[in-house]
Amino acid sequence: MPNHAEPGASLEVCIWFEADPQHHDQIVAAFIRLVEAVEAQTGPMPSAGSGPESRPRLLRRPEVVIRATGPRSTWMEVWPGVAATHLQAFLVLLEQLAAQTGLSTLSSGPRHVEPFLIEIETRALNRR
């Protein structure tokens with residue numbers, strides 16, 4: 001994945017995947033293990049803000065979709081504060097640890113990585 005961000009830029013890395021809704025509890029538990037494993041390797045994730053959005057988060061779409069292979073929930077991991085210069089190394093580590101913690105095996109297909117540049121943070125809006 002090419003990285004065209006400025007060297008000092010901070011990214012929010014979003015990874016979405018689909019999974020069987022019956023694996024809800026296992027996905028939540030695996031994500032917690034994944035965050036702990038990442039932070040054991042890198043230290044606490046850098047804070048990208050002052051609220052709960054500054055920590056890694058796991059999101060789930062409220063609706064379940066029906067695919068040819070059965071019902072699927074869509075999940076998204078959000079990893080804030082990833083330095084643009086470390087994106088590739090972070091993604092390699094993340095996928096290794098997702099496999100080790102069992103999260104990637106719960107996915108019903110590929111994990112889709114989408115990094116986003118942080119253009120403005122909420123705390124900048126609070127100063128208006």
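## Helix 2, end to end

What span should the 14 residues of helix 2 cover, and how far apart are its end C-alpha atoms? This is a predicted model, so let's check the geometry in it. Helix 2 takes in residues 87-100, and at 1.5 Å a residue it should span 20 Å. Its end C-alpha atoms are 20 Å apart, which agrees.

Just past the helix comes Gly 102, with a positive phi near 90°.

## Two sides of the helix

Which residues of helix 2 are buried? They are Leu 87, Phe 90, Leu 91, Leu 93, Leu 94, Leu 97 and Ala 98. Because they cover an arc of only 165° around the axis, they end up on the same side of helix 2. That fits the usual pattern: an α-helix has 3.6 residues a turn, so residues three or four places apart point the same way.

Flip to the other side of helix 2 and you'll find Ala 89 and Gln 100 exposed. As for the buried residues, they pack against strand 1 (10-19), helix 1 (24-42), strand 3 (70-83) and strand 4 (112-117).

## Aromatic company

There are two aromatic pairs in the structure. One of them joins Trp 79 and Phe 90 edge-to-face, at 5.9 Å centre to centre with 65° between the planes. Trp 79 belongs to strand 3 and Phe 90 to helix 2, so this pair ties together parts that are 11 residues apart in sequence. Both Trp 79 and Phe 90 are buried, and together with Phe 31 they make up one aromatic cluster.

Another ring has a charged partner: the charged end of Arg 60 sits over Trp 75, 5.9 Å from the ring centre.

Methods. Residues are numbered from 1 along each chain as its sequence is written. This is a predicted model: local features need pLDDT of at least 70, side-chain atom pairs count only at pLDDT 80 or more; totals for chains, interfaces and linings use all residues. Side-chain values use heavy atoms; hydrogens and water are left out. Helices (H or I, at least four residues) and strands (E, at least two) are DSSP runs, numbered from the N terminus. The expected span of a helix is 1.5 Å times one less than its number of residues. Buried means under 20% relative accessible area, exposed over 50%, partly exposed in between (1.4 Å probe, protein chains only). The arc is that of the directions from the helix axis to the C-beta atoms. Contact means heavy atoms within 4.5 Å. Rings of Phe, Tyr and Trp (its six-membered ring) pair if their centres lie within 6.5 Å; planes under 30 degrees apart count as stacked, over 60 as edge-to-face and the rest as tilted. A charge sits over a ring if NZ of Lys or CZ of Arg is within 6 Å of the ring centre and within 35 degrees of the ring normal.
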